[in-house]
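The following note sets out points for a colleague who has the sequence and the coordinates at hand. It proceeds from the overall fold to individual residues.

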Amino acid sequence: MKRAYFIAILALCCQLAFANETAPVKGSVISPANKLIQYTGRISFSNPQRPAWNYPGIQIIAAFEGTSIRMIAKPKSGYFMAQIDQAEPFKVAFRSENDSVVTLATALPDGRHTVRLMYIIEGYEMFPEFWGFVLDKGRSLIEMPALPSRKIEFIGNSITCGYGNEGLKREEHFDYATENHYFSYASLTARTLEAQHWVVARSGIGAYRNYGEAKTGSPRSCMPVQYEYTGYAYDLSLREGPTFLREKWDFSRYQPDVVCINLGTNDLSTNNYDVKLLKQGYQRLLKLVRDHNPKAKIVFLCGSMLNGKELEIAKQILDEVTAEANKAGDKEVYRFNFTPQNGDLGMGNDWHPSIWQHEKMAAELAAYLRALMHWL
């Protein structure tokens, strides 16, 4: 099969208006509730016609017949990476009030094709929703192979999200356009190991204290609070935003083989931290993760943004928490340190890891997990 049509896929991300549920769209509209669509990640299906989320890394996967495919999403949902068949993935944007239908591919050879979508930013302000696909008239979805049996969960902060990894200057600040979870160490590690990966991560979050917040901690919004919910809310006690933010997560929907926890950078920020409280935060989170994932291996990660005194503090506390858990009978808690960044691979926005640094991190972590999990 000729690969020339791949170029057309990249070039034809034209955007149309889809003003409301009943607006006319030419072709066969596929409901997001269609059983042939595969979903991964913490997604709320409280409204099956409007799957909603706000963590990065969620995926929507399907196989279809025909020559074209469009996707429908809530306007201003943000950025996705899309891949058709084995073509190079490309970025899709829903940024304006009129962005609700985007062409993913056209002029494909008539036959079977696959589409893979990944949400690549943090949707805590956008509250994205997926509204379905549009295929050629009379065409439909077909069966996809099963998802990978290997399962990883990543719990983290901005590093896991992919904050600023497409940025070229460390002095520049956050922009959705330069955050791309597809190229994060988490996503790269999962693809290397041919595993599913589900993400619970938010920039600025900590194990006990979020970035720049009080030394006593962030009791209403740190990770041990947020972990039990489907989506991230600034402050769960305020009860603001979409209802799914107050939806307790059903842990039976995903039981990972291994959980990787990468927190501490924000807790140890701005020289305003309490080491004792940080250790308690790690211990509290470990108990939650173990209670909800009784059979998983749990790996505490450290790095790659910390350095100096704070790096040594984080490593020491994580070593202690791990050793104490092992001594208490949980032999499936482990430790792994990334190589700290030194700038030789460039830096993204706000001194975050660049794409090249993420690639290095992924290579290190994939090798470690392959040995730990015996994933040959």
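1. Overall dimensions. For 376 residues, a compact globule would be expected to have a radius of gyration near 21 Å, and the protein has 21 Å, which agrees. The model under discussion is a predicted one. Taken along the principal axes, the C-alpha atoms fill a box of roughly 60 × 45 × 45 Å. Buried residues account for 59% of the 376 residues.

2. Secondary structure and contact pattern. The protein contains seven helices and 16 strands. Of the contacts with a separation of 6 or more, 75% join residues that are 24 or more positions apart.

3. Nonpolar cores. Where does the nonpolar interior have its most connected residues? The largest nonpolar core comprises 75 residues, and M71, L104 and F133 have the most contacts inside it. The element that gives the most to this core is α6, with seven residues. A second core, separate from the other, has 23 residues and includes I152, A186, L193 and V258.

4. Helix α5. The 18 residues of α5 should span 26 Å at 1.5 Å a residue, and the end C-alpha atoms are indeed 26 Å apart, so the expectation and the model agree. At the start of the helix, a side-chain oxygen of D274 comes within 2.9 Å of the backbone nitrogen of K276.

5. Burial and packing of α5. Which residues of α5 are buried? They are L278, K279, G281, Y282, L285, L286, L288, V289 and R290. As a general matter, an α-helix has 3.6 residues a turn, so residues three or four places apart point the same way. The buried residues of α5 pack against strands β12 (151-156), β14, β15 (297-302) and β16 (333-337), and against helices α4 (223-226) and α6 (308-327).

6. The surroundings of N266. This residue lies in the loop between β14 (258-262) and α5 (275-292). Is N266 buried or exposed? Its relative accessibility is 7%, and N266 therefore counts as buried. A polar atom of the N266 side chain lies 2.8 Å from the backbone oxygen of I205. Apart from neighbours within four places in sequence, N266 is in contact with N157, G204, I205, R209, N210 and Y211.

7. The surroundings of N157. N157, one of the contacts of N266, is located in the loop between β12 and α2 (158-161). With a relative accessibility of 0%, N157 counts as buried. A polar atom of its side chain lies 3.1 Å from the backbone nitrogen of I159. Beyond its neighbours within four places in sequence, N157 contacts A201, R202, S203 and I205, as well as N262, L263, G264, T265 and N266. I205 thus appears in the contact lists of both N157 and N266.

8. Cysteines. How many disulfides does the structure hold? The number is zero. The cysteine sulfur closest to that of C161 belongs to C260 and is 15 Å away, which is too far for a bond. C161 is buried, with a relative accessible area of 0%. C222 is likewise in no disulfide, and the nearest cysteine sulfur, that of C161, is 16 Å away. C222 also counts as buried, because its relative accessibility is 2%.

9. Backbone geometry to inspect. In general, most residues other than glycine have a negative phi, and most peptide bonds are trans. The peptide bond from G303 to S304 is cis, with omega near 10°. S304 belongs to the loop between β15 and α6.

10. Positive phi values. K76, a residue other than glycine, has a positive phi near 65°. K76 sits in the loop between β5 (69-73) and β6 (78-84). Its relative accessible area is 40%, so K76 is classed as partly exposed. F127 is not a glycine either, and its phi is positive at about 50°. F127 is placed in the loop between β9 (111-119) and β10 (130-135).

Methods: Residues are numbered from 1 along each chain as its sequence is written. This is a predicted model: local features need pLDDT of at least 70, side-chain atom pairs count only at pLDDT 80 or more; totals for chains, interfaces and linings use all residues. Side-chain values use heavy atoms; hydrogens and water are left out. Helices (H or I, at least four residues) and strands (E, at least two) are DSSP runs, numbered from the N terminus. Buried means under 20% relative accessible area, exposed over 50%, partly exposed in between (1.4 Å probe, protein chains only). A polar contact is a pair of N or O atoms within 3.5 Å; within protein, one must be able to donate a hydrogen and the other to accept it, and residues adjacent in sequence count only if both atoms are side-chain atoms. Contact means heavy atoms within 4.5 Å. The expected span of a helix is 1.5 Å times one less than its number of residues. A nonpolar core is a set of buried Ala, Val, Leu, Ile, Met, Phe, Trp, Tyr and Cys residues joined through side-chain atoms within 4.5 Å. A disulfide is a pair of cysteine sulfur atoms within 2.5 Å. The radius of gyration is taken over C-alpha atoms; the globule rule is 2.2 Å times the number of residues to the power 0.38.
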